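Please look at the structure below with its ligand, and then follow some questions about how its features are named.

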Amino acid sequence: MSVTSRYREAWESFWREAPDGPGAVFWDAEPALTAARHLALFEPHLTDPGLPLVDLGCGNGTQTRFLADRFPHVLGADLSAAALDRARAADPAGQAAYRRLDAVEKAEAGALHAELGDANVYLRGVLHQCEADDRQALVDGIATVVGDRGRAFLVEPSEAAGAVLRGLATGPGGPPPKLAPVLRHGIAPGEVDDAAVPEFLTAAGLAVLASGTLPLTTTEHGPDGTRIALPSLWFVAGRAASA
Ligand SMILES: C[S@@+](CC[C@H](N)C(=O)[O-])C[C@H]1O[C@@H](n2cnc3c(N)ncnc32)[C@H](O)[C@@H]1O
């Protein structure tokens, strides 16, 4: 199974047309407000920080470059070639490696694991907008890459974020300028039920080691000038001990 061509093209066209520069994309907040906070929650659960770290669905690589400053071997992987072009252009020193990967495609996740061995995985904002039929396969892909010794950190806008986003999209002035292109390209954010995420993890053979809530900082501002933050859920997961 792999993502539909409609879904893939939605991401390609989004990234081809996305404006350049820090903070131009809705979710592209500075790492001090995002990955840095996540690492504080993730690092205590790593069995081996020396394992490769895969930023799965890395987009333009803002968080990937931050992770590459802190871990010895970081790979940014994304479905979209246009996203990866941006990630590579923003990392001229090649601190991280980048590659195209459809994490829903079992053979691609398997090939990555065969090459890297067990890896730690960081995933921010990928599950909540993927197509309903792809969600379990995406989490299965994470479990494949993690293997026995890796750990995964997932942070995803929650159900409540879906309601916030729908409110913003249908406000009197229409969606705010950085959210409008996301919706125009046919990407549907905030669509996963909160209870479904741990169920996907369990069905993939992963145990939830820790979880919680966090505000997911965006780069967009509300009418009162404050940054819009979406409610989000985070999970640390690793291979469940076999019975
Ligand atoms: C909302 S963006 C988040 C980007 C990045 N994680 C961040 O926090 O800045 C979601 C990214 O996931 C990628 N993506 C979606 N489905 C994917 C899949 N099946 N395999 C790999 N990447 C995927 C998209 O191309 C997009 O770049």
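**The ligand and its surroundings**

Q: What makes it right to say that the ligand sits in a cavity?
A: The ligand sits in the largest cavity, a cavity being a set of points, on a 1 Å grid over the protein atoms alone, where a 1.4 Å probe fits but cannot get out; to sit there, more than half of a molecule's atoms must lie within 2 Å of its grid points.

This is a predicted model, in which local features need pLDDT of at least 70, side-chain atom pairs count only at pLDDT 80 or more, and totals for chains, interfaces and linings use all residues. Residues are numbered from 1 along each chain as its sequence is written, and side-chain values use heavy atoms, with hydrogens and water left out.

Q: Why is the approach of Tyr-7 to the ligand called a polar contact?
A: A polar contact is a pair of N or O atoms within 3.5 Å, and a polar side-chain atom of Tyr-7 lies 2.9 Å from a nitrogen atom of the ligand, so the pair fits the definition. A backbone N or O atom of Leu-79 is 3.1 Å from a ligand nitrogen atom, while a side-chain N or O atom of Arg-124 lies 2.7 Å from an oxygen atom of the ligand.

Q: Why is the pair of Trp-11 and Trp-27 called edge-to-face?
A: Their ring centres are 5.7 Å apart and their planes stand at 70 degrees; rings pair if their centres lie within 6.5 Å, and planes over 60 degrees apart count as edge-to-face, so the name applies.

Conventions:
Polar contact = N/O pair within 3.5 Å; in protein donor to acceptor, adjacent residues only side chain to side chain. 1 Å grid on protein atoms, 1.4 Å probe; cavity = no way out; pocket = protein on both sides within 12 Å on 5 of 7 lines; lining within 4 Å. Phe/Tyr/Trp six-rings, centres within 6.5 Å; stacked < 30°, edge-to-face > 60°.
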